[in-house]
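The exercises below are meant to be worked through with the sequence and the model side by side. Each task is followed by a solution that goes step by step.

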Amino acid sequence: MPQHTGDAGTALVVVAHHRSDSLTAHTARRAAARLGAAGYRIDLLDLHAEGFDPRMNVEDQPDWGNREKRYSEETHAHMRRILDADVIVAVFPVYWQSVPAVLKGWIDRVWNYGFAYGRSKPRLAGKRILWLGLAGATADDPIAQGMQSVLEATLSEGIALYCGFSRSTVGLLLDAEERPQRVDDEGNLLVGDAVTGAEREAQYADFDRRTLEFVEKFLADESLVA
Ligand SMILES: Cc1cc2nc3c(=O)[nH]c(=O)nc-3n(C[C@H](O)[C@H](O)[C@H](O)COP(=O)(O)O)c2cc1C
């Protein structure tokens, strides 16, 4: 199997977490390694480490009368990285059934009018994206199904497919917390005992397995479209 040869194209792996020792960052490294093994050149974009500012500003605010508007240099640098990518894999913790502010701000500022949308021939047409969201909810929590639907509606339909991507998949990685948590019928947050030792190792191994499964399924689907 080729290693990071770039023969398969470029994969932009976007990480949205403030700690490099987080499960999110670990999951992003696992996903990147698998994409590298499949022959992708990896462009790792750690939004926090690179100091990306998610706040919208005057320079990057779209001008609906001018889709050729020149946005900030920072935004243009990110646009180039997106254009260079054949696939994007965004790895993030689910916050309020959505993406964290840093990732939302990256989309707000960079996936801009005239670049990501607003053209009869979208510049991002044909690209593919996998959204890997880590969620604290447990797999048996009834909230999980609704979370999957909300994320698909926002990230796949509302953003990626709207911008001309040919494929957008949401991989929801539940059970991301060491202490299982769920909300009971009265709205109380029930936090279980921390998993430790061999059980914790097994939980991590299962998490990695599910991550690889999502990435491999995404790659397999891709070869069907290619
Ligand atoms: C502000 C905030 C909002 C959260 N919202 C949700 C949520 O809507 N659903 C959920 O299952 N977990 C939610 N969580 C839990 C996170 O998804 C979980 O802590 C994270 O995925 C763990 O990964 P990490 O260790 O890499 O941070 C939330 C956590 C925070 C801090």
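**Exercise 1.** Decide whether Val15 is buried or exposed in this predicted model, and list what surrounds Val15.

*Solution.* Begin with the accessibility: Val15 has a relative accessible area of 4%, and because a residue counts as buried under 20%, Val15 is classed as buried. Next, place the residue in the fold, where Val15 belongs to strand β1. Then, setting aside neighbours within four places in sequence, collect its contacts, which are Thr24, Ala25, Ala28, Leu44, Leu45, Asp46, Leu47 and Val91. Finally, compare sequence with space: Thr27 is 12 residues apart from Val15 along the chain, and their C-alpha atoms are 9.3 Å apart.

**Exercise 2.** Carry out the same analysis for Trp111, and state where Trp111 sits among the elements.

*Solution.* Trp111 is found in the loop between α3 and β4. Its relative accessibility is 4%, so Trp111 counts as buried. When residues up to four places away in sequence are not counted, Trp111 touches Ile82, Trp106, Ala116, Tyr117, Ile129, Trp131, Ile159, Ala160, Cys163 and Phe165. As a check across the sequence, His78 lies 33 residues from Trp111 along the chain, while the C-alpha atoms of the two are separated by 9.1 Å.

**Exercise 3.** Describe the largest nonpolar core and say which element gives the most to this core.

*Solution.* In soluble globular proteins, nonpolar side chains tend to be buried together. In this model the largest nonpolar core has 40 residues, and those with the most contacts inside it are Val14, Leu47, Ile82, Leu103, Trp106, Trp111 and Trp131. Two or more residues each are given to this core by β1 (9-15), α2 (73-84), β3 (87-93), α3 (101-110), β4 (128-134), α4 and β5 (167-173). The element that gives the most is α4, with 6 residues. Apart from this core lies another, of 21 residues, among them Ala28, Val89, Phe207 and Phe218.

**Exercise 4.** Test whether the length of α2 agrees with the span expected of a helix, and then find which of its residues are buried.

*Solution.* At 1.5 Å a residue, the 12 residues of α2 should span 16 Å, and the end C-alpha atoms are 17 Å apart, which agrees. The buried residues of α2 are Thr75, His76, His78, Met79, Arg81 and Ile82. What covers these buried residues includes β1, β2 (40-46), β3 and α3.

**Exercise 5.** Characterise the largest pocket, and then the largest cavity, by volume and lining.

*Solution.* Start with the largest pocket, whose volume is about 710 Å³. Its lining is made up of 28 residues, of which Val94, Ala135, Gly136, Ala137 and Gln181 lie nearest its centre. The elements giving two or more residues to this lining are α1 (23-37), α4 (143-161), β6 (181-183) and α5 (197-225). Sorted by character, the pocket lining divides into 14 nonpolar, 7 polar and 7 charged residues.

Turn next to the cavities, where a search of the whole structure finds 1 of 30 Å³ or more. The largest cavity has a volume of about 30 Å³, and is lined by Leu23, Asp175, Ala176, Glu177, Arg200, Gln203, Tyr204 and Phe207. The largest share of this lining, 4 residues, comes from α5. By character, the cavity lining divides into 4 nonpolar, 1 polar and 3 charged residues.

Note on methods. Residues numbered from 1 in each chain as written. Predicted model: local features only at pLDDT ≥ 70, side-chain atom pairs only at ≥ 80, totals over all residues. Heavy atoms only, no water. 1 Å grid on protein atoms, 1.4 Å probe; cavity = no way out; pocket = protein on both sides within 12 Å on 5 of 7 lines; lining within 4 Å. Points joined across faces, edges and corners; volume = space filled by probe spheres on them. Nonpolar A, V, L, I, M, F, W, Y, C, P; charged D, E, K, R; others polar. Core = buried A, V, L, I, M, F, W, Y, C linked by side-chain atoms within 4.5 Å. Buried < 20%, exposed > 50% of the residue type's maximum accessible area, 1.4 Å probe, protein only. Expected span 1.5 Å × (residues − 1). Contact = heavy atoms within 4.5 Å.
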